[in-house]
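Me: I've got a model open here and I'd like to go through some of the labels on it. Can you give me the reasoning behind each one?

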Amino acid sequence: MRSIGLDVGRQFAEAAAIEPGGTVHRLGRISTTPAELRAFAASLGPDDAVVLEATANTWAIAELLAEHAGRVVVSNPLRTRAIAAAKTKTDQIDAATLAQLLAADYLPEVWQPDAATQALRRLVAHRAGLVRGRTGARNRIHGICARRLLSAPVSDLFGVAGRAWLDELILAPDERLALDAQLRLLATLDVEIEAAERAIAAHVLDDRRVRHLLTVPGAGPASPPRPASWP
């Protein structure tokens, strides 16, 4: 089986191949446009194994390659030490190193999620981005209040009473403009977060595994990830 290493960048991918018992040779540079990637994938066969490192566009490329290649491996870049520790780094060298590691069966392979799992990951990432945006807007509102030495008379600044208090604040025109903008942004983000949560719930409604997870105390539909320092 021919082992092919693909060093993928944002606009181009460098490819190198090694035959069983042979030496590495360069296959060239490929544009990461769908047309060129499909053309490259069509040149592969069932006796070809391809490896690429996990990155932003990995799964779309892996899906195209899997239509023709006998095996597609996604490698964990944080654990591919032979590349990370190399003193001389070029796209050609990285592609060749990936091909050699694949041929030696010495790659930390990443589990490849199915289409449904990928869709759920995108939904969860979408919601997480919205929540980060909401947190930022709330922090900016707290900042406005802090600059004006204002302390809310309620415990929840963003509850019904807190919003009413914010609406009635008398501020300098520029501060009022900034506060109103953040309040409008919060209202929009609340709507979008609710829509994302409905989509996630619909996606996992019939998943028996999720129903079991929800029986764990403290686990909810959008439980935060545990800190990396946890065992």
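**Loops and a helix**

Me: Why is aspartate 105 called exposed?

Reply: This is a predicted model, to start with. Aspartate 105 has 62% relative accessibility, and exposed means over 50%, so aspartate 105 counts as exposed.

Me: Where is aspartate 105?

Reply: Aspartate 105 is in the loop between α4 (91-103) and α5 (115-147). Its phi is positive, about 55 degrees, although aspartate 105 is not a glycine.

Me: What is the phi of leucine 149?

Reply: Near 60 degrees, so to speak a positive value in a residue other than glycine. Leucine 149 lies in the loop between α5 and α6 (160-168).

Me: And what makes leucine 149 exposed?

Reply: The cut-off for exposed is over 50%. Leucine 149 comes in at 77% relative accessibility, so leucine 149 counts as exposed.

Me: Now the helix. Which residues of α6 are buried?

Reply: Gly162, Trp165 and Leu166 are the buried residues of α6.

Me: How do you know that they are on the same side of α6?

Reply: Because they cover an arc of only 100 degrees around the axis, they end up on the same side of α6. In general, an α-helix has 3.6 residues a turn, so residues three or four places apart point the same way.

Me: What do the buried residues of α6 pack against?

Reply: They pack against α5 and α7 (173-204).

Me: Which exposed residues sit on the face of α6 turned away from its buried side?

Reply: That face carries Val160, Asp167 and Glu168.

Definitions and conventions. Residues are numbered from 1 along each chain as its sequence is written. This is a predicted model: local features need pLDDT of at least 70, side-chain atom pairs count only at pLDDT 80 or more; totals for chains, interfaces and linings use all residues. Side-chain values use heavy atoms; hydrogens and water are left out. Helices (H or I, at least four residues) and strands (E, at least two) are DSSP runs, numbered from the N terminus. Buried means under 20% relative accessible area, exposed over 50%, partly exposed in between (1.4 Å probe, protein chains only). The arc is that of the directions from the helix axis to the C-beta atoms. Contact means heavy atoms within 4.5 Å.
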